[in-house]
Amino acid sequence: QVQLVESGGGLVQPGGSLRLSCAASGRTSTHVGWFRQAPGKGREFVAVISRRGSGTYYADSVKGRFTISRDNAGNTMYLQMINLKVEDTAVYYCAAGHYISARPSDYDYWGQGTQVTVSS
């Protein structure tokens, strides 16, 4: 079992920055992904980091603006977001699983989500 708790969301102006955190407890030796869901839309892949932090992959829409990382103990994952756009507005979720994947169905554990709103 893995428990995940996201934090760090909020309201930011276009062009601004935020850093999301995902605190994991339990069996934390898993790959961790970030997903987001905007109102009326499906859950969208954002980024994923391998269990040892050696591999990272990003959606094209965030490449160059978002950075995924995890601490040395592997218990906390981060999503650093810069140059935020209005279209980045969504609930952001972290998820843990045994595959490096962009498909939500490949992840076994999910956090409750944190709201990111980009607006002037």
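In this protein, take the contacts between residues at least 6 apart in sequence: 56% of them join residues at least 24 apart. Keep in mind that you're looking at a predicted model. It's a strand story, with zero helices and 11 strands. The radius of gyration is 13 Å, close to the 14 Å that the globule rule gives for 120 residues, so the protein is as compact as a globular protein of that length.

**The whole protein**

- Walk along the sequence and you'll meet the pattern β-β-β-β-β-β-β-β-β-β-β.
- Along its principal axes, the C-alpha trace spans about 40 × 30 × 25 Å.
- Of the 120 residues, 47% are buried.
- The accessible surface comes to about 6100 Å², and carbon and sulfur atoms account for 47% of that surface.

**A sheet of four strands**

- Four strands make an open sheet in the order 1-3-8-7, and their pairing is antiparallel.
- The edges of this sheet are strand 1 (2–7) and strand 7 (66–70), each of which pairs on one side only.
- On average, neighbouring strands here are turned by 15° against each other, if you ignore direction.

**Strand 1 up close**

- Strand 1 runs antiparallel to strand 3 (residues 18–26), and six bridges join the two.
- Want to trace the pairing yourself? Start at glutamate 6, which stands opposite cysteine 22 in strand 3.
- Then go to valine 5, whose bridge partner in strand 3 is alanine 23.
- The side chains of strand 1 alternate: Val2, Leu4 and Glu6 point to one face and are buried, while Gln3, Val5 and Ser7 point to the other face and are not buried.
- So the two residues you just traced part ways: Glu6 belongs to the buried set, whereas Val5 does not.

**Histidine 31**

- You'll find histidine 31 in strand 4 (residues 31–37).
- Is histidine 31 buried or exposed? Its relative accessibility is 8%, and the cut-off for buried is under 20%, so histidine 31 counts as buried.
- Leaving aside neighbours within four places in sequence, histidine 31 is in contact with Ile49, Ser50, Arg51, Arg70, Ala95, Ala96, Gly97, His98, Tyr99, Ile100 and Tyr107.
- One of those contacts, arginine 51, also has its backbone nitrogen 2.9 Å from a polar atom of the histidine 31 side chain.

**Aspartate 106**

- Aspartate 106 sits in the loop between strand 9 (90–97) and strand 10 (109–110).
- Even in a loop, aspartate 106 counts as buried, at 16% relative accessibility.
- Which residues does aspartate 106 touch, not counting those up to four places away in sequence? They are Gly97, His98, Tyr99 and Ser101.
- With serine 101 there is a side-chain link too: a polar contact of 2.6 Å joins the side chains of serine 101 and aspartate 106.
- Gly97, His98 and Tyr99 might ring a bell, as they are among the contacts of histidine 31 and of aspartate 106.

**Asparagine 83**

- Look for asparagine 83 in the loop between strand 8 (76–81) and strand 9.
- Most residues other than glycine have a negative phi.
- Asparagine 83 has a positive phi of about 50°, although it is not a glycine.
- With a relative accessible area of 42%, asparagine 83 is partly exposed.

Conventions. Residues are numbered from 1 along each chain as its sequence is written. This is a predicted model: local features need pLDDT of at least 70, side-chain atom pairs count only at pLDDT 80 or more; totals for chains, interfaces and linings use all residues. Side-chain values use heavy atoms; hydrogens and water are left out. Two strands pair if DSSP finds at least two bridges between them. Axes are lines fitted to C-alpha atoms, for helices over the stretch in contact, and angles run from 0 to 180 degrees between N-to-C directions. The radius of gyration is taken over C-alpha atoms; the globule rule is 2.2 Å times the number of residues to the power 0.38. Buried means under 20% relative accessible area, exposed over 50%, partly exposed in between (1.4 Å probe, protein chains only). Contact means heavy atoms within 4.5 Å. Accessible areas come from the Shrake-Rupley method with a 1.4 Å probe; for residues, only the protein chains shown count as cover. A polar contact is a pair of N or O atoms within 3.5 Å; within protein, one must be able to donate a hydrogen and the other to accept it, and residues adjacent in sequence count only if both atoms are side-chain atoms.
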